[in-house]
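Reader: I am new to this structure and would like to see how its labels are earned. Could you walk me through a few of them?

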Amino acid sequence: MDRMPKEDDESPVSTAPATPTSPMEFKMLPLFMDFEDFSICQPAPFSYDDKAMLELERCDYTQRITYHMARAGKTTRRVRVYADGIYDLFHQGHARQLMQAKNVFPNVYLIVGVCNDELTLRMKGRTVMNGFERYEAVRHCRYVDEIVPNAPWTLNEEFIEEHKIDFVAHDDIPYGAGGVNDIYAPLKAKGMFVATERTEGVSTSDIVARIVKDYDVYVRRNLARGYSAKELNVSFLSEKKFRLQNKMDELKTRGKRELTKVKVDIITKWEEKSREFIDAFLLLFGRERLNTFWNESKGRIIQALSPPGSPNGSVNGDDPDATDDLDSEDEYMELPPDYGSGSCVSLSRKQKRPDKVNASANLNYSEQPEHKDVVDERRSD
């Protein structure tokens, strides 16, 4: 039963509820903390913690469990399965491997061994996360029941007896070290090995390769988040270059955002104006308006297509029986005396009617009065 805090307890115990009732109650947890106050779920204990030691004492290791017994679920105690590794940059491949180890048998107590920094550096190479970070990453995985820090690279009989290990879980690919082709070969021979499958497409090496490939991107990101050039191990010139690139990207993003706003505003205004245009068009050229317009304009259209005939009477009051025959006599138009050489010149402009011919036209030129008088007389006609 979980221990409930009391007022008279001498040890300082937090009285905050295990499950916060509002987001404001979440607080940053210290790096080293006591998890006893978390009664619902806790991280896996280390092998030297009281909880792990109690579980070890309860295990009756004299009753050896075979693979068939564990597979069939015919055991009187929990099956202790051990899995080990580096678990650097803990990712989904690690979690899936531990999930398989946890579910390899019906009732499994999963123990996970994590190698320290010195051993890993000597046997495999440098890690991104230090030993403490890798321990914490693994012990907070929900499939893990116990953590063994400073785990050995090769398992011997003493280590197996000390932790009362029934089976060891690892992928079936031979893993060589120290001149040995497969360090798990002795366990396979004893029937104490269970195989898990690797997750294709993800590994710590792949993640490191991604970071190296996009090194500039991550450096620029961390500089924008407040990291110094010294913390990122970049030179002064590289820092200035990366910061300039960040500023240019920021300006580009801001420009695109403003351009998008302008486009949206233009489209919105166009939609509003288009509605007005459509309404005005329907008002002017709708069915009712077109019928009215047609009825009003039908007469004008017919008149334009079929003009009326010419009138019979003369507009100037002439004889209606008269015709504009081009073969009739010419109508004379006298020019002033100062035009030409002084003699009277007559031009034929229009044919005169026979009944309108002046009687004086039949007179001889010698019998007519002087030229000036003739002009005046004809003007009086």
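Author: Gladly! Setting aside neighbours within four places in sequence, His 163 is in contact with Ser 47, Leu 56, Arg 80, Ile 111 and Val 148. Please keep in mind that this is a predicted model.

Reader: Why does His 163 count as buried?

Author: Buried means under 20% relative accessible area. His 163 has 8% relative accessibility, so the label buried applies. You will find His 163 in the loop between helix H6 and strand E4.

Reader: What makes Lys 102 and Asp 145 a salt bridge?

Author: The rule asks for a side-chain nitrogen of Lys or Arg within 4 Å of a carboxyl oxygen of Asp or Glu. For Lys 102 and Asp 145, the closest N and O atoms are 2.6 Å apart, so the pair qualifies. Because Lys 102 lies in helix H3 and Asp 145 in the loop between helix H5 and strand E3, the pair ties together parts that are 43 residues apart in sequence. Lys 102 and Asp 145 also belong to a salt-bridge network with Arg 78.

Reader: Arg 134 and Asp 117 form a salt bridge as well; which of the labels buried and partly exposed does each residue get?

Author: Arg 134 has a relative accessible area of 0%, so Arg 134 is buried. Asp 117, at 29% relative accessibility, counts as partly exposed, because that label covers values between 20% and 50%.

Reader: How many salt bridges does the rule give?

Author: The count comes to nine salt bridges.

Terms used:
Residues are numbered from 1 along each chain as its sequence is written. This is a predicted model: local features need pLDDT of at least 70, side-chain atom pairs count only at pLDDT 80 or more; totals for chains, interfaces and linings use all residues. Side-chain values use heavy atoms; hydrogens and water are left out. Helices (H or I, at least four residues) and strands (E, at least two) are DSSP runs, numbered from the N terminus. Buried means under 20% relative accessible area, exposed over 50%, partly exposed in between (1.4 Å probe, protein chains only). Contact means heavy atoms within 4.5 Å.
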